[in-house]
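Thanks for making the time this morning. I would like to walk you through one protein chain, beginning with a single helix and working outwards from there.

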Amino acid sequence: MKLKTKRTLAAVGLLGLVGVGLAVHTGTGTPSAWGLGDIAAICPLGAVEAAIASRTIVPPLLIGLAIVTVLVALVGRAFCAWGCPVPLLRRIFGLKERKTDKPTLAERDGANDSRNWVLGATVLTTAAFGFPVFCLICPVGLSVATFIALWRLLQFSEATLSLVVFPAILVVEIVLLRKWCHRFCPLGALLGFMARLNRTFRPTVAAESCLHCSGVSCSRCADVCPEGIDLHRPDASVSLAECTKCGECKDACPAHAISFPFLSRAGKADQPAASATPECDEDAVVAEG
């Protein structure tokens, strides 16, 4: 089974858990607010917005943020590929990733990263209005809200305007704003910052199998990476903190030379192991920065 299929099943499975929670009242929340009991706003951006809007920091919120920090340190931005409903909806709409959709190194360089500006605007508007404004258009929250609205329609015959408004906003964000994830998503920006702690499940190249390391002109892994990461050109590559563990590079590698081990045996913390043909090490990992 290809990883793309597994990612689809994972995203559908999360929505399934929401359905289970609604059916048997588990109180575990939704992908935009996972939790248990009082620890509800597990979404890191939602938690930050809630603290700013209420001007209050309570222990459950800190516990939730601590849990998220640990999870992101362990799996990086994996949620973006494996749990976020946006990639799932893109596949449903038949929207394929275009080469021009990928971010470049320059576009991920601090102030040039438009997601950081949106993240800043999200924080400022929350502080100004005392309300998490971005939550009104967050595609994760809107996807879950649409799912819940459909559930209530089927269970209680409860028809509301949300069945029209929420999907309409989602269509604009996913179909018309095709670069939403790479250009506008503040949650992706926040997870990218947090993922700088991540040192596990990083894409690793086995030099003895890699065609590029053998002198063959091959760039399949870089061509398919939706985040613009190039395992063989560290100087022109986006930071590995942006890796979503999607596994596209692994599936595309004709030599099956790429893996995602729990811990890599080679590669510096902030720079990839040498990846030009003469310098390919036993394992090569792109820089994380």
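Let me start with helix H2, which covers residues 44-54, and with its buried residues, namely Pro-44, Leu-45, Gly-46, Ala-47, Glu-49, Ala-51 and Ala-53. Please keep in mind throughout that this is a predicted model. What lies over those buried residues of H2 includes three other helices, H3 at 59-75, H6 at 114-129 and H10 at 186-194. Just past the end of H2 comes Arg-55, which takes a positive phi of about 55°.

One of the buried residues of H2, Glu-49, leads us to a loop. Val-133 sits in the loop between H6 and H7, and although Val-133 and Glu-49 are 84 residues apart in sequence, their C-alpha atoms are 8.6 Å apart in space. Setting aside residues up to four places away in sequence, Val-133 touches Glu-49, Thr-125 and Thr-126. With a relative accessibility of 28%, Val-133 counts as partly exposed.

Two of the helices that cover H2, H6 and H10, also meet each other. Their axes come within 8 Å and cross at roughly 105°, which makes H6 roughly perpendicular to H10. On the H6 side the contact is made by Arg-115, Asn-116, Val-118, Leu-119 and Thr-122, and on the H10 side by Pro-186, Gly-188, Ala-189, Leu-190 and Phe-193. Sorted by class, the residues of this contact of H6 with H10 are 6 nonpolar, 3 polar and 1 charged.

The second helix pair I want to show is H7, residues 139-156, with H8, residues 162-176, and here the axes are 9 Å apart at an angle of about 150°. The two helices are therefore roughly antiparallel to each other, and H7 passes H8 in a left-handed crossing. H7 contributes Pro-139, Leu-142, Ser-143, Ala-145, Thr-146, Ala-149, Leu-150 and Leu-153 to the contact, while H8 contributes Ser-162, Leu-163, Phe-166, Pro-167, Ile-169, Leu-170 and Glu-173. The residues of the contact of H7 with H8 divide into 11 nonpolar, 3 polar and 1 charged.

At the bench you will probably want to ask about the cysteines. How many disulfides does the count come to? The count is 0, and two cases show why. For Cys-138, the closest cysteine sulfur belongs to Cys-43 and is 6.3 Å away, which is too far for a bond, given that a disulfide needs the two sulfur atoms within 2.5 Å. Cys-138 also counts as buried, at 13% relative accessibility. For Cys-218, the closest cysteine sulfur is that of Cys-253, at 6.4 Å, and again this is too far for a bond.

Let me also point out an arginine. Is Arg-7, which lies in helix H1, residues 3-24, buried or exposed? At 5% relative accessibility, Arg-7 counts as buried. Leaving aside neighbours within four places in sequence, Arg-7 is in contact with Ala-81, Trp-82, Arg-91, Cys-246 and Glu-248.

Finally, I will step back to the chain as a whole. The secondary structure comes to 12 helices and 3 strands, and of the 289 residues, 43% count as buried. Among contacts between residues at least 6 apart in sequence, 74% join residues at least 24 apart. I am happy to go back to any of these regions.

Terms used. Residues are numbered from 1 along each chain as its sequence is written. This is a predicted model: local features need pLDDT of at least 70, side-chain atom pairs count only at pLDDT 80 or more; totals for chains, interfaces and linings use all residues. Side-chain values use heavy atoms; hydrogens and water are left out. Axes are lines fitted to C-alpha atoms, for helices over the stretch in contact, and angles run from 0 to 180 degrees between N-to-C directions. Helices (H or I, at least four residues) and strands (E, at least two) are DSSP runs, numbered from the N terminus. Angles under 35 degrees count as roughly parallel, over 145 as roughly antiparallel, 65 to 115 as roughly perpendicular and the rest as oblique. A crossing is left-handed if the near helix is turned anticlockwise from the far one by less than a right angle, and right-handed if clockwise. Contact means heavy atoms within 4.5 Å. Ala, Val, Leu, Ile, Met, Phe, Trp, Tyr, Cys and Pro count as nonpolar, Asp, Glu, Lys and Arg as charged, and the others, Gly among them, as polar. Buried means under 20% relative accessible area, exposed over 50%, partly exposed in between (1.4 Å probe, protein chains only).
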